Amino acid sequence: MTERAPKLDLRQDAVSLTASLVDIESVSGNEGPLADAIEAALRELGYLEVLRCGDAVLARTETGKDRRVVLAGHIDTVPVADNLPSEVRGERIYGCGTSDMKSGDAVMLRLAATLRDAAYDVTYIFYDNEEVAADKNGLGRVAREYRHWLYGDLAVVLEPTDGILEAGCQGTLRARVRTSGQRAHSARSWLGDNAIHKMGSLLTRLQDYQPETHVIDGLEYREGLNAVRIDGGVAGNVIPDECTVHVNFRYAPDRSAADAEELVRGFFEGHDVEITDNSPAALPALGDPLMQDFVAHVDRPIVAKYGWTDVSRFSAFKIPAINYGPGEPNLAHKPEESARTTLIEEAERTLAAFLTTPYGDAG
Ligand SMILES: [Zn+2]
């Protein structure tokens with residue numbers, strides 16, 4: 001830890017603390033100073049077991065409670081868009097990372113500072129590199145190197161959800177599908193075999209595909225199988241010998257990653273299919289009793305999560321996990337990114353109430 005690490009005062013209210021976190025710039029890959037500040041502040045509390053793993057900071061209580069709740073938030077942001085330092089105007093706080101997701105991190109830090117004696121053991125995970133390629137993801141690294149630190153009976157990921165509950169998450173598979181032919185001069189095209197033309201039937205197949213909707217725990221998860229990019233062609237006078245379509249399959253959480261791959265391979269049967277990435281979905285787990293307790297406490301609408309989030313990493317260990325955070329997803333990654341101060345305060349109140357109410361006593 002460097003001597004110059006900025007200091008965080010966890011006695012501030014959650015909105016001021018959000019501002020402090022936002023003002024320590026932490027674009028993916030540059031989380032060091034913020035991680036140092038968080039680590040120092042958590043250690044200073046004196047009652048938590050603290051672990052540093054790269055630029056992820058983990059802290060937990062070990063009081064022998066029957067159940068453990070894990071709270072997780074990434075501390076990196078997308079590149080700054082001339083939107084630092086933060087600024088509070090009216091009921092909003094503006095700046096890079098206010099919504100995604102330093103307001104969530106601030107709530108976690110406030111809970112760590114104030115809940116010395118919760119009804120559950122609590123693990124706080126602050127991690128790096130969420131906004132970049134999956135192989136850099138700090139939570140993935142923690143899962144590989146300190147797997148037992150992820151364990152709990154419920155995980156809440158405080159990504160922006162606008163204060164409502166977003167259950168589970170879709171899986172996402174990327175694939176490249178290739179057609180090949182024979183290159184030739186276009187003036188003597190009968191000597192060649194056009195790979196771009198061959199792609200036509202595959203695109204028609206994609207266009208005609210009727211994606212499924214799966215209802216799980218009463219929530220609708222709509223799927224999608226789409227071409228997202230196409231490459232092909234050599235020159236204006238050449239019959240192309242290769243064409244590649246990039247496909248993205250967003251799938252419902254009741255499909256495993258293997259099922260999703262099988263569907264895609266079957267769909268393009270007879271063609272050269274290369275799976276380039278496949279991140280599994282997460283089931284909503286709304287039938288889980290502790291999840292039900294949590295949902296009752298939050299008492300806000302609950303919807304299916306569209307998109308992939310790190311709840312999937314908990315789900316992979318059979319830990320029920322849900323997205324609930326004070327930021328607003330529609331404002332994430334925008335120059336005018338902001339969060340509502342009332343939602344930040346509400347998230348802190350709600351989580352504190354949940355964590356201090358004994359299991360089964362949900363209002
Ligand atoms: Zn995020």
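Two strands are taken to pair if DSSP finds at least two bridges between them. By this criterion, the predicted model contains an open sheet of 3 strands in which the pairing is antiparallel and the order is β4-β5-β19. Its edge strands, each pairing on one side only, are β4 (87–89) and β19 (338–340). From one strand to the next, the twist averages 25°. Strand β5, comprising residues 92–94, runs antiparallel to β19 and is joined to β19 by 3 bridges. Within this pairing, Tyr94 is positioned opposite Ser338 of β19. Helix α9 (residues 341–356) packs on the sheet, where the helix touches β5 and β19. The direction of α9 makes about 60° with that of β19.

An open sheet of 4 strands is also present, again with antiparallel pairing, and its strand order is β13-β15-β9-β16. Strands β13 (224–232) and β16 (272–279) form the edges, each of them pairing on one side only. The twist in this sheet averages 20° from one strand to the next. Strand β9 (residues 171–180) and strand β16 run antiparallel and are connected by 7 bridges. Thr172 has Ser279, in β16, as its bridge partner. Helix α6, formed by residues 257–267, lies across β9, β13, β15 (242–251) and β16. Relative to β16, helix α6 runs at about 155°.

A zinc ion is coordinated by three side chains, through NE2 of His74, OD of Asp100 and OE of Glu159, at 1.9 to 2.1 Å. Along the chain, the donors follow the spacing H-x25-D-x58-E. His74 belongs to strand β3 (residues 68–74), whereas Asp100 belongs to helix α3 (residues 98–114). These two ligands lie 26 residues apart, and the pair thereby links distant parts of the chain.

With respect to internal space, the structure holds 1 cavity of 30 Å³ or more. The volume of the largest cavity is about 50 Å³. The lining of the largest cavity includes Tyr47, Thr61, Thr63 and Lys65. Further along the chain, Leu115, Arg116, Asp117, Ala118, Tyr120, Asp121, Val122 and Tyr124 also line this cavity. Classified by residue type, the lining consists of 6 nonpolar, 2 polar and 4 charged residues.

How values were computed: Residues are numbered from 1 along each chain as its sequence is written. This is a predicted model: local features need pLDDT of at least 70, side-chain atom pairs count only at pLDDT 80 or more; totals for chains, interfaces and linings use all residues. Side-chain values use heavy atoms; hydrogens and water are left out. Axes are lines fitted to C-alpha atoms, for helices over the stretch in contact, and angles run from 0 to 180 degrees between N-to-C directions. Contact means heavy atoms within 4.5 Å. On a 1 Å grid over the protein atoms alone, a cavity is a set of points where a 1.4 Å probe fits but cannot get out, and a pocket is an open set with protein on both sides within 12 Å along at least five of seven lines; lining residues have an atom within 4 Å of a point. Grid points are joined across faces, edges and corners, and a volume is the space filled by probe spheres set on the points. Ala, Val, Leu, Ile, Met, Phe, Trp, Tyr, Cys and Pro count as nonpolar, Asp, Glu, Lys and Arg as charged, and the others, Gly among them, as polar. Donors are N, O and S atoms within 2.8 Å of the metal (3.2 Å for Na, K and Ca); water is not among the atoms, so sites may look incomplete.
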